[in-house]
Amino acid sequence: MHSLEVDNADLLAGEVTEARLFKLRLRVLLLTLWACPLLRTALAGKESPDYFQHGAVGIAWEAWKSRLGAASGKWFDEKPVLMTGKSLLRIWFVRHTLSQYRSATAHLLWKTWNLLPFVDFPVRTLSFTEGMDSDRAQEMETDGSKLEQNIVQPPAVDSSSGGESVKNGETVITEGKAKIIFPSANEVFYNPVQQFNRDLTCAVITEFARLQLSSKRIQIAVPGEEDVSKVVVDLSKEGKEDESEPALTGDEDPKVAAVGEVCQDGLRVLEALAASGLRSLRFAKEVPGLRSVVANDVSSKAVELISQNIQLNDMDHLVTASLSDARMLMYRHKAAKDLFDVIDLDPYGSPSMFLDAAVQAVSEGGLLCVTCTDMAVMAGNSGETCYSKYGAMSIKAKYCHEMALRIILHSLDLRANCYQRYIVPLLSVSADFYIRVFVRVFSGQAKVKASASKQAFVYNCVGCGSFHFQRLGKLVNNGSNIAYKAASGPPVEPSCEHCHQRHQLGGPMWAEPLHDAGFVQRVLSAVGSNPGRFRTSQRIQGILSMAIEELSDVPLYYTLDNLSKTIRCNSPSLLQFRSALLHAGYRVSLSHACKNAIKTDAPSSVIWDIMRCWEKLNPVKRERLSENCPAACILSVEPKLQVSFTVRVDANPNSRKQGLKRFQLNPEPNWGPKARAKAGGGISSSLQEKRRLHQDKRKACAEGTDGSHLKNFPCKRFREGNCSLGDHCRYSHETESERGSTELV
């Protein structure tokens, strides 16, 4: 204990040997561990921010000082350093402390006191300099500032999304109302581009909470939202969506659920794959009416980071960190009393392995939020892989993004049907490099029987892109009874009627509406009336406006550029093509999933008649068309429909007239999916080298080089065993073992 008798000025000025400083830290560490029971008693009864000077806490603090006073010299003079329990613990937690002691003791502090010493205020050193000459005092203050730099503390950051360095590459990131400490190493996954995803989820859960709590006579208070009486539609009443009731009557004393407070009758939320815990913290700080939020992850590093971030945001009363396999956690909550009202699944890649557990762990009428980022699989690049994960065959087509939405909805409904449950989509969005769906899950044997009639296959022509739907089942109404039967088909001939090419078969997929228009309108109204709530409010309004305008009973879409490309002519404007369909008596809309999309209930024969009429106004050189190409086959038939391309006023949708932000530019360099988090962090050198080698390889070849640099890339056809070029191939035919031996040499 006598080794603690170090002059404070010498300590701050750096005039202590390394050996003596190590002994000092070691003894303070042992002293801290020895004092845990007493400090626990003191911290449990804190009554004010300066809790070591009041009541029972002050008595405990004085008792501890008396036990330390004889051994600690000047630590407790008349003008002591402002030292709380946490600042004393920081003596051993400066940067040069041995990492194994720091980790072990930090874990002990968290388990014993629910206290994290590495996110706190710095030790004040001003009192050491009083009574000394000015030069010495200035020198000591300078050295003291260096000492404070070794203490990890969260800096003040701007309220907008961004970050500042903390220590060892760690960064404090602020998004919405939450802030998190994030490591520079790639040990925990975080993608800032998905802020739109998180903002939209907060908006959807807020309106879902409003609907759910209204039946319990509870209002929610959203910061920035006007205090108006909203009309609530109970979506749990199937077939009675037109019935509405006022949220509260004036004679009652309403309960109000505020943001950041525990609502005993509120929603139980699970973020099954939390990573940094940012999404859970945003729920707690931005969504009112919550009872609890569980932030779960299977990575111990992630859970440690979640615990830190919960303390940083002072949300330990509402958010709980959980270290568990997401599937096992959800399976353990299948009992009725343990079900979650909201389950959020946002995995890296495919969520398929979590869907079975999720549809069982969500409450009756509960909300399931699912993100898929494996778009290469769902958009047709690997149809067999899509079938193994989602039970549906994806195909390459221009409507691939909407097809991906319908595939995940089909998979969710199929999983739910196994347990006599079914889904009702509230909102389905394709944005950037991922898709996001919000569905409610209900139970009911009769509704489950109708699920087959909600699924369909699609026949897609590989030549002209025409498509036709084939339902799996059909409902036959026999008076008071409904019979469920298999559908009849197929709807097409062996070859396409327009271009005589073959068909591809995709699916099965969800063939019912993707959105609930009433719910989407509620979310849109809430975001529009409170635009400052989210940073991406403009884009949310644009996407939701387009979702409402979409034809709900028309699956998939055509694209203007692909229609024009098929017949090799110039493309009509969007308003001209929409006007032609409206003049012909058909309905038409845009799609949020694609900028040039045309959703219409017009048959494919009408679509190609319009394009034939357009080609007559903008003729192509037919002599250049091969006899069997799709363009020649389509244009060889005279149009049966007289088409007018005069632009109609109603051809321009409201979302386009208002100039809403519907499709954004890439928000940052290297935008898109990030590298998967891994133990130890960092991105593998092989991945970085692969990125460097592939950078501009085609551009370099196009600029007139001899292509010798392409020998650095393996030949895909050779790897598959069907490259016939041999030594004349521009790519490498070396095997992996040969390349490895070459690198060793």
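**Strand pairing, cysteines and aromatic contacts**

Reader: What makes strands S12 (residues 362-372) and S14 a pair?

Author: In this predicted model, seven bridges join S12 to S14, and the two strands run antiparallel. Pairing requires at least two bridges, so the seven found here qualify S12 and S14 as paired. Within this pair, Leu 368 stands opposite Val 439 in S14.

Reader: How do you know that S13 (residues 421-431) pairs with S14?

Author: Ten bridges join S13 to S14, again in an antiparallel arrangement. As at least two bridges are needed, S13 and S14 count as paired. Val 424 stands opposite Arg 440 in S14. S13 and S14 also form a hairpin with two residues between them, and Asp 432 in the turn has a positive phi of about 55 degrees.

Reader: What makes S14 (residues 434-443) a mostly covered strand?

Author: Nine of the ten residues in S14 are buried. Each of these nine therefore has under 20% relative accessible area.

Reader: Why is the contact of Phe 433 and Tyr 434 called edge-to-face?

Author: A search of the whole structure finds five aromatic pairs. One of them joins Phe 433 and Tyr 434, with 5.4 Å centre to centre and 75 degrees between the planes. The distance lies within 6.5 Å and the angle is over 60 degrees, so the two rings form a pair of the edge-to-face kind. Phe 433 and Tyr 434 are both buried.

Reader: What makes Arg 539 and Phe 196 a case of a charge over a ring?

Author: The charged end of Arg 539 sits over the ring of Phe 196, 4.5 Å from the ring centre. That value satisfies the limit of 6 Å, and the position must also fall within 35 degrees of the ring normal; the contact of Arg 539 with Phe 196 is therefore counted. Arg 268 is likewise placed over the ring of Phe 340, its charged end 5.2 Å from the centre.

Reader: How do you know that Cys 633 and Cys 629 are not bonded?

Author: The cysteine sulfur closest to that of Cys 633 belongs to Cys 629, at 6.6 Å. A disulfide requires two sulfur atoms within 2.5 Å, so this separation is too far for a bond. The structure as a whole holds zero disulfides.

Reader: Why is Cys 633 called buried, and why is Cys 418 called exposed?

Author: Cys 633 has a relative accessible area of 12%, which is under 20%, so Cys 633 is buried. Cys 418 has 57% relative accessibility, which is over 50%, and therefore counts as exposed.

Note on methods. Residues numbered from 1 in each chain as written. Predicted model: local features only at pLDDT ≥ 70, side-chain atom pairs only at ≥ 80, totals over all residues. Heavy atoms only, no water. Buried < 20%, exposed > 50% of the residue type's maximum accessible area, 1.4 Å probe, protein only. Helix = DSSP H or I, 4+ residues; strand = E, 2+ residues; numbered from the N terminus. Phe/Tyr/Trp six-rings, centres within 6.5 Å; stacked < 30°, edge-to-face > 60°.
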